[in-house]
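Me: I am new to this one and would like to understand the words people use for it. Could you show it to me and take my questions one by one?

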Amino acid sequence: GILGDDMGLGKTVQVAAFLTAAFGKTGDERDAKRMRQIRQYNDRWYPRILVVCPGSLIMNWKNELNRWGWWHIDLFHGIHKEDVLSAARAGRLEIVITTYDTYKNSRSSINMVQWDAVIADECHRLKDRYSETTKALNEINALCRIGLTGTAIQNRYEELWTLLDWTNPGHFGTIAEWTQAVTKPLTVGQSHDATVAQLSLARQTADKLAHNLLPRYFLRRMKTLIAHQLPKKTDRVVFCPLTDLQGDAYENFLDSAEIDILRSL
């Protein structure tokens, strides 16, 4: 499914809590020994999780997971990434974190591991079903697919279908069926010259989407839920005048020949 909460509501922490429950952790230092004990004495199956995120967030994921739990984590990124994958195959890692580009370029080797779950952060990166990144993520070898995004729909309703189809391939029909059943009624109903019948159909479609289809696969909560917990917003206006040097540079720029040409166009 997709966790589509507003920005700032703690999607990363919710994933950490979910994994804590999935791994049966206790939430204290005893968790640091859990994997070793299971492997050593029982030779039991133990979950392996892959986190795919933008490069700018890779260290944030590692830091947040370590902040909220006791994990065996490593990054599949950089020159030693093959060693990390070997450790994951051998069951010595609980969570592997990588980027979209690294996954796309190394998906054959990454998919040799049977992942129990993949977490795709900022999954709106997959909104274009024709992009190489989306095609690569559709090949992921994972039992469970979870996407995180604060903007599931950025431009078109087909983007939502692409994300939902990634989480549950084939479950939402073809893109043509989605266009006919969802995109077309909603788009026509939003037109300024829509008829009463078109408006009614658009409302019915939106209602079915929001109450029948999405609740099982898409969870979105707004900041209004915690508005009473947040401090009141305050505005502070700070004037920042140009220095003498900045003022001279600005005046010289305005007096330049290029600006004279632009003004005369």
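What follows is a short conversation about some side-chain contacts and how they get their names.

Me: What kind of model is this?

Reply: The model is predicted.

Me: What makes Arg221 and Asp5 a salt bridge?

Reply: The closest N and O atoms of Arg221 and Asp5 are 2.9 Å apart. The cut-off is within 4 Å, so the pair counts as a salt bridge. The structure holds 8 salt bridges.

Me: Which parts of the chain does the pair of Arg221 and Asp5 tie together?

Reply: Arg221 lies in the loop between β7 and α10, while Asp5 lies in the loop between β1 and α1, so the pair joins parts that are 216 residues apart in sequence.

Me: Why is Asp5 called buried, and why is Arg221 called partly exposed?

Reply: Asp5 has a relative accessible area of 1%, and buried means under 20%. Arg221 has 28% relative accessibility, and partly exposed lies between 20% and 50%.

Me: How do you know that Lys25 forms a salt bridge with Glu94?

Reply: Their closest N and O atoms are 3.1 Å apart, and the limit is within 4 Å. Lys25, in the loop between α1 and α2, and Glu94, in the loop between α4 and β4, are 69 residues apart. Lys25 has a relative accessible area of 11% and Glu94 has 1%; with buried meaning under 20%, both names fit.

Me: What makes Lys25 lie over the face of Trp71?

Reply: Lys25 is at 4.7 Å from the ring centre of Trp71. The distance cut-off is within 6 Å, and the charge must also be within 35 degrees of the ring normal.

Me: Why is the pair of Phe23 and Trp71 called edge-to-face?

Reply: Their ring centres are 5.3 Å apart and their planes are at 90 degrees. Rings pair within 6.5 Å, and planes over 60 degrees apart count as edge-to-face, so the name follows. Phe23 is buried at 6%, and Trp71 is buried at 10%.

Me: What makes Phe172 and Tyr217 edge-to-face?

Reply: The ring centres of Phe172 and Tyr217 are 5.1 Å apart, with planes at 80 degrees. The angle passes the cut-off of over 60, so edge-to-face is the right term. Phe172 and Tyr217 are both buried.

Me: Why is Arg67 called exposed, and Glu64 buried?

Reply: Arg67 has 60% relative accessibility, and exposed means over 50%. Glu64 has 17%, and buried means under 20%. Arg67 and Glu64 form a salt bridge and sit 3 residues apart in helix α3, about one helical turn.

Notes. Residues are numbered from 1 along each chain as its sequence is written. This is a predicted model: local features need pLDDT of at least 70, side-chain atom pairs count only at pLDDT 80 or more; totals for chains, interfaces and linings use all residues. Side-chain values use heavy atoms; hydrogens and water are left out. A salt bridge is a side-chain nitrogen of Lys or Arg within 4 Å of a carboxyl oxygen of Asp or Glu. Helices (H or I, at least four residues) and strands (E, at least two) are DSSP runs, numbered from the N terminus. Buried means under 20% relative accessible area, exposed over 50%, partly exposed in between (1.4 Å probe, protein chains only). Rings of Phe, Tyr and Trp (its six-membered ring) pair if their centres lie within 6.5 Å; planes under 30 degrees apart count as stacked, over 60 as edge-to-face and the rest as tilted.
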